[in-house]
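Here are my notes on the model, set out as numbered points. Please read them with the structure open.

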Amino acid sequence: MEAFLDFADRYNYVITIFLMIAGLYIVVARSNMVKKLVGLSIFQTSVYLLYLEPAKIVGGTAPIIDPAFTVYSNPLPHVLILTAIVVGVGTLALGLALVVRINEAFGTIDDDEIKPQDGG
Amino acid sequence: METVINMALLTLLAVVTVAMVVQRSLLSVVILASIYSFLMASVMIVLDAVDVALTEASVGAAVSTVLLLATLHLTKTREDMPRHGRALPLLLSLAVGGMLVWGTLVLPPFGTANAPIHQHVAPRYINDVMAETGVPNIVTAVLADYRSFDTLGETTVIFIAGIGVMLLLGGLRRQSSEEGAPEDPS
Amino acid sequence: MSSDLILRVGTKLILPFILLFAIYVQLHGDYGPGGGFQAGVIVAAVVILIAITFGHNAAKRVAPRGLVECMVPMGVLIFAGTGVAGFFLGGNYLDYSVLSHDPIHGHHLGIFLVEIGVAVTVSGTMVALFYAFVERGR
């Protein structure tokens, strides 16, 4: 049981970092721009997890004041991440709009096919 | 119990992520991204972040998916094989991951109440929120009252993103149709 | 656009409840999970659902393009205007205590107005983004 709890403590962070490097890998290794943006979203959501995990108190409750509870999870990371999610969809939409325009200009959304056309 | 549910959901998240990395059909990737967002919202509920979970479920799983599908409709849905090697990105990712895991070794264990993050500003919000604002939902109180400057800036960012997309996708079309010269669809 | 009977009837049945849920999330944000962002996105989802099921023109009758484009800056103006109101009533920028005779009431009013502003901008932007992508494909 002790070993399991010790493992559980680390498991959250390990998965968060796995999601992070999966997003990083997609962004670096894949040349399709839509895939790159999805990878960027994965990276972004892993950062949400990185913020929200330390905010949790085991046995605590959601930060809504009620006389029946005394232990609340930390509300501050929730506020920061709430803002980040909505900004995230804004940047995703802007990126997708750029992809659409690139497709109209070059006829492809693949990074490797654009570079020779662009003289690079 | 919370810990076990959390671990199970996180494992599912990792599996969906692996599927997204290997999948070449972009349509499947988008649907998997939607599933990923719902799983992420479930994880957030387990982590007590109910407001964030509601946002992630509506924004990540609904609006993002619709926008991605609209983009795929305008472009193509198949991903080409990458032309360069995959060894370097994999090595880079693993190196970064290794360093980050090493960094987490000194973090406080999951869910402890006396971790440093719970000592500084959070008790101030939790203890004084009812007396100062009368709003029981602390997240709303901090978002719209204590830190309303942040939210104002953030609303402005949404505004700018909307204007940017409208200029990128709508502006030129209107101009070119007025001139009577449609764009070359190549 | 779509002639699928089940989809059309199902959408018509579920729409009022989605809209009601959006209003609940907006107004109950002080006491439970929710607020301007979530309600704005849910309202936008209603318009997107109409567009998917009944076609783009039906959605444009519900939410005309001009109105949606006005909503994008309108919400920011409501938010900033709430701050300026505090300015003129003798407080600091975005200080809600002076908005009403009682500071607690002032905070409630301020949060209410700010959340309305956020919801207007977010719903307007999401629908405008959707329209921009859809009209590009025509």
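**Notes on the interfaces, the cavity and chain C**

1. The contact between the two chains takes 92 residues from chain B and 78 residues from chain A. Keep in mind that this is a predicted model. Chain B and chain A bury about 8,000 Å² between them. Carbon and sulfur atoms account for 73% of that area.

2. Which elements of chain B face chain A? The polar contacts come before the answer. Across the interface of chain B and chain A there are 20 residue pairs in polar contact, both residues being at pLDDT 80 or more. On the chain B side, the elements that give two or more residues are helix 1 (2-22), helix 2 (26-46), helix 3 (50-74), helix 4 (87-104), helix 5 (122-132), helix 6 (138-146) and helix 7 (148-179). By class, the side of chain B that touches chain A has 59 nonpolar, 19 polar and 14 charged residues.

3. Charge pairing across this interface comes next. Side chains of opposite charge can pair when their charged atoms come close. The rule finds 2 salt bridges between chain B and chain A. One of them can be named: Lys56(A) pairs with Glu2(B). The closest N and O atoms of Lys56(A) and Glu2(B) are 2.8 Å apart.

4. Now the interior. How many cavities of 30 Å³ or more does the whole structure hold? The search finds 1. The largest cavity has a volume of about 230 Å³. Its lining comprises 22 residues. Closest to the centre of the cavity are Ser41(A), Thr45(A), Ser37(B), Gly60(B) and Ser64(B).

5. Both chains contribute elements to that lining. From chain A, helix 2 (33-55) and helix 3 (75-106) each give two or more residues to the lining of the largest cavity. From chain B, helix 2 and helix 3 do so. The lining residues divide into 12 nonpolar, 9 polar and 1 charged.

6. Turn to chain A and chain C. Here 10 residues of chain A are in contact with 10 residues of chain C. The area buried between chain A and chain C is about 780 Å². Carbon and sulfur atoms give 80% of it. Which three residues supply the most of the area that chain A buries against chain C? They are Ile64(A), Leu82(A) and Val86(A), with 45%, more than any other three residues.

7. Polar links between chain A and chain C can be listed briefly. The rule finds 1 salt bridge across this interface. The side chains of Arg136(C) and Glu104(A) meet in a salt bridge, at 2.6 Å from N to O. The count for polar contact is 1 residue pair, both residues at pLDDT 80 or more. The side of chain A that touches chain C has 8 nonpolar, no polar and 2 charged residues.

8. Salt bridges over the whole structure deserve a line too. The search finds 10 over all chains. The Glu104(A) and Arg136(C) pair crosses between chains. Glu104(A) sits in helix 3 of chain A, and Arg136(C) in helix 5 (residues 103-136) of chain C.

9. Last, chain C itself. Chain C has 5 helices and 0 strands. From the N terminus on, the elements run α-α-α-α-α. The C-alpha trace of chain C spans about 60 × 30 × 20 Å along its principal axes.

Conventions
Residues numbered from 1 in each chain as written. Chains lettered and ligands numbered in written order. Predicted model: local features only at pLDDT ≥ 70, side-chain atom pairs only at ≥ 80, totals over all residues. Heavy atoms only, no water. Contact = heavy atoms within 4.5 Å. Buried area = accessible area lost by both parts, 1.4 Å probe. Salt bridge = Lys/Arg side-chain N within 4 Å of Asp/Glu carboxyl O. Polar contact = N/O pair within 3.5 Å; in protein donor to acceptor, adjacent residues only side chain to side chain. Helix = DSSP H or I, 4+ residues; strand = E, 2+ residues; numbered from the N terminus. Nonpolar A, V, L, I, M, F, W, Y, C, P; charged D, E, K, R; others polar. 1 Å grid on protein atoms, 1.4 Å probe; cavity = no way out; pocket = protein on both sides within 12 Å on 5 of 7 lines; lining within 4 Å. Points joined across faces, edges and corners; volume = space filled by probe spheres on them.
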